[in-house]
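Student: I should like to learn how a disulfide is read from a structure. Could you please guide me through an example?

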Amino acid sequence: MRIAIVSSGLIELPPKKGGAVESYVYNLARHLRILGIDAYAIDCTKKADHENQEDFILRVKCDSHLHKVLCKEASARCDALKEVVFARRATKILDEFDVVHANTAWVGFTLSLLLRKPRLVYTCHNPLWPEDQVHFGEKIVRVVEGHAMRRAHAVIALNNTMKRSIEAKAKVGPSKIFIVPNGVDTEFYKPNLPCERVNEEYGLEGKKVVLFVGRVTWGKGVHILLKAIKHLRDRYNFRDVKALIVGPLSGFYKSDKPSSYVQLLMNYAKANNLDVVFTGSVDLDMLRYIYSCSHVLVLPSYFEAFPMVLIEAMASGIPVVGSRAGGIPDIIEDGVNGFTFPVGDHIALAEKLYTLLTDEALHKNIAGAARQIAETKYSWKVIANKLLKVYYHTLLPSRYHL
């Protein structure tokens with residue numbers, strides 16, 4: 001069986017700084033090959049003479065004059081255009097595969113229209129499906145992505161929350177939806193890495209480090225975290241905490257120019273004398289050290305599908321605290337590997353942080369459980385095996401019942 005896992009065409013593989021979908025594509029292909037499967041990651045490149053770092057990455061050249069005319073700046077419209085062009089050009093090499101696994105709306109939509117021979121599998125990474133009220137652009141995405149999922153032979157939902165939403169809102173039959181979560185490389189992300197470099201770079205020595213990782217946008221709720229840090233100081237007189245905000249400051253992975261939202265956050269931190277560092281994008285090697293050297297990861301989002309940062313932090317041996325948005329409660333078991341709090345409630349978040357940062361025995365127990373859950377439930381070895389069963393099912397449903 002030959003399998004093609006198709007990337008977004010937006011961030012080159014392997015991703016160096018962020019890109020959850022691209023990380024999913026790269027790691028899934030790599031771990032399927034470890035299992036002896038003839039799997040390839042399909043990527044886009046703008047360089048005609050590009051040399052693959054790994055032989056399982058197949059690249060199609062997808063730069064075009066249309067990109068240069070219409071896409072002078074990063075935007076959702078330009079990203080959609082790039083995905084469509086990439087997917088159209090990728091179809092030239094996809095007919096030789098048995099299964100094609102798409103992962104983004106516009107790539108999935110394009111492939112659902114053009115593919116003939118291969119069986120199409122689609123993973124829905126879109127965090128907005130559980131939301132009832134969405135903006136106009138997302139309504140268009142729902143039409144596109146819904147079409148892709150209805151045409152696919154199998155749909156991967158990352159958790160029960162997403163499965164219910166896809167059934168109800170995209171009108172996808174439940175018999176072809178399979179729940180398989182994202183995976184994490186537990187050999188790359190691991191506890192007890194040396195902290196000298198991170199401490200020196202960001203001034204963490206002697207501090208309780210509260211970490212956020214992701215695009216620094218309103219939807220990620222970073223302002224809720226900063227308000228919680230302020231409440232920790234004002235209500236509990238807890239002053240040894242340092243917030244480390246890691247991720248693109250523009251909202252786009254290819255730009256780090258601070259957005260107006262980030263400027264507001266910086267002004268708020270300065271006005272209230274909060275100890276906050278905005279790192280911007282960092283490479284993945286630095287990120288794994290940051291995880292390991294932090295005390296807790298916080299994800300205060302308003303909506304999420306299956307946030308990779310939670311399982312990366314768990315694999316790194318630190319507790320996780322997240323809002324009860326989307327698929328976050330499907331990952332965080334209260335009091336086991338972390339805590340959840342009501343969406344937008346900075347006071348409840350501050351209470352959870354105070355408990356974790358002051359009770360060393362509790363922190364140690366939760367950190368250990370987080371690592372164990374990452375290894376047994378979310379390691380890429382486990383996830384690749386689950387997805388392999390879905391692939392076989394799409395080809396031979398009478399033999400492989402899931």
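The dialogue below discusses the disulfide and then the cover around the cysteines.

Tutor: Please note that this is a predicted model, in which local features need pLDDT of at least 70, side-chain atom pairs count only at pLDDT 80 or more, and totals for chains, interfaces and linings use all residues. Residues are numbered from 1 along each chain as its sequence is written, and side-chain values use heavy atoms, with hydrogens and water left out.

Student: Which residues form a disulfide?

Tutor: A disulfide is a covalent bond between the sulfur atoms of two cysteines. Here the term is applied to a pair of cysteine sulfur atoms within 2.5 Å. The structure holds one such pair: Cys195 and Cys293, with sulfur atoms 2.2 Å apart. The torsion about their S-S bond is about -105°, so this disulfide is left-handed.

Student: Where in the chain do Cys195 and Cys293 lie?

Tutor: Helices (H or I, at least four residues) and strands (E, at least two) are DSSP runs, numbered from the N terminus. Cys195 is in the loop between strand S7 (177–179) and helix H7 (196–202), whereas Cys293 is in the loop between helix H10 (284–292) and strand S11 (296–299). The pair links distant parts of the chain, 98 residues apart.

Student: Is Cys293 buried or exposed?

Tutor: Buried means under 20% relative accessible area, exposed over 50%, and partly exposed in between (1.4 Å probe, protein chains only). Cys293 has 9%, so it is buried, while its partner Cys195, at 23%, is partly exposed. Cys78, at 4%, is buried, and so is Cys124, at 0%.
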